[in-house]
Amino acid sequence: MIYKGVEYTVTAVAPGIWKWQFRIDDRVIAGKTEAKLYLLAVRRVQLRINRERKKRASG
């Protein structure tokens with residue numbers, strides 16, 4: 001999926017556990033989140049993308 005020009009993936013690992021990954025410039029950022037719903041996991045990744053983009057813009 002793409003959010004604000006950043007391509008990302010969200011994959012189920014176990015019930016309620018989601019693995020996510022995205023790339024900004026040359027840096028790949030990945031992790032896991034706990035959420036019962038897929039859309040909640042997606043929203044958390046989008047918020048993380050926002051934080052990383054803000055860091056890049058200010059730093």
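Me: A salt bridge is a side-chain nitrogen of Lys or Arg within 4 Å of a carboxyl oxygen of Asp or Glu. Why is the pairing of Glu52 with Arg27 called a salt bridge?
Reply: The closest N and O atoms of Glu52 and Arg27 are 3.3 Å apart, and this value satisfies the limit of 4 Å. The pair links distant parts of the chain, with Glu52 in helix H1 and Arg27 in strand S4, 25 residues apart. Helices (H or I, at least four residues) and strands (E, at least two) are DSSP runs, numbered from the N terminus.

Me: On what basis are these values given?
Reply: The model is predicted: local features need pLDDT of at least 70 and side-chain atom pairs pLDDT 80 or more, while totals for chains, interfaces and linings use all residues. Residues are numbered from 1 along each chain as its sequence is written, and side-chain values use heavy atoms, leaving out hydrogens and water.

Me: How do you know whether Glu52 and Arg27 are buried or exposed?
Reply: Buried means under 20% relative accessible area, exposed over 50%, and partly exposed in between (1.4 Å probe, protein chains only). Glu52 has 2% relative accessibility and therefore counts as buried. Arg27, at 41%, counts as partly exposed.

Me: What makes Glu52 part of a network?
Reply: Arg27, Arg48, Glu52 and Lys55 are linked by salt bridges. Among these links, the side chains of Arg48 and Glu52 meet at 3.5 Å, N to O. Both residues lie in helix H1, 4 residues apart, about one turn of the helix.

Me: What makes Arg56 and Asp25 a pair that ties parts of the chain together?
Reply: Their side chains meet in a salt bridge of 3.8 Å, N to O. Arg56 belongs to helix H1 and Asp25 to the loop between S3 and S4, so the two joined parts are 31 residues apart in sequence. Arg56 is partly exposed at 34%, whereas Asp25 is exposed at 59%. The structure holds 4 salt bridges.

Me: Why are the rings of Trp20 and Phe22 called stacked?
Reply: Rings of Phe, Tyr and Trp (its six-membered ring) pair if their centres lie within 6.5 Å; planes under 30 degrees apart count as stacked, over 60 as edge-to-face and the rest as tilted. By this rule there are 2 aromatic pairs. The ring centres of Trp20 and Phe22 are 5.7 Å apart and the planes stand at 15°, so this pair is stacked.

Me: Why do Trp20 and Phe22 count as buried?
Reply: Trp20 has a relative accessible area of 7%, therefore it is buried. Phe22 is likewise buried, at 2%. Along S3, Trp18, Trp20, Phe22 and Ile24 point to one face and are buried, while Ile17, Lys19, Gln21 and Arg23 point to the other and are not.

Me: How do you know that S3 and S4 pair?
Reply: Two strands pair if DSSP finds at least two bridges between them. S3 and S4 (residues 27-34) have 8 bridges in the antiparallel sense, and the condition of at least two is therefore met. S2 and S3 are also antiparallel, joined by 6 bridges.

Me: Why is Trp18 called buried, and what does its side chain reach?
Reply: Trp18 has a relative accessible area of 12%, therefore it is buried. Its side chain reaches the backbone oxygen of Ala35 at 2.8 Å. Trp18 lies in strand S3, and its bridge partner is Ala12.

Notes
Polar contact = N/O pair within 3.5 Å; in protein donor to acceptor, adjacent residues only side chain to side chain.
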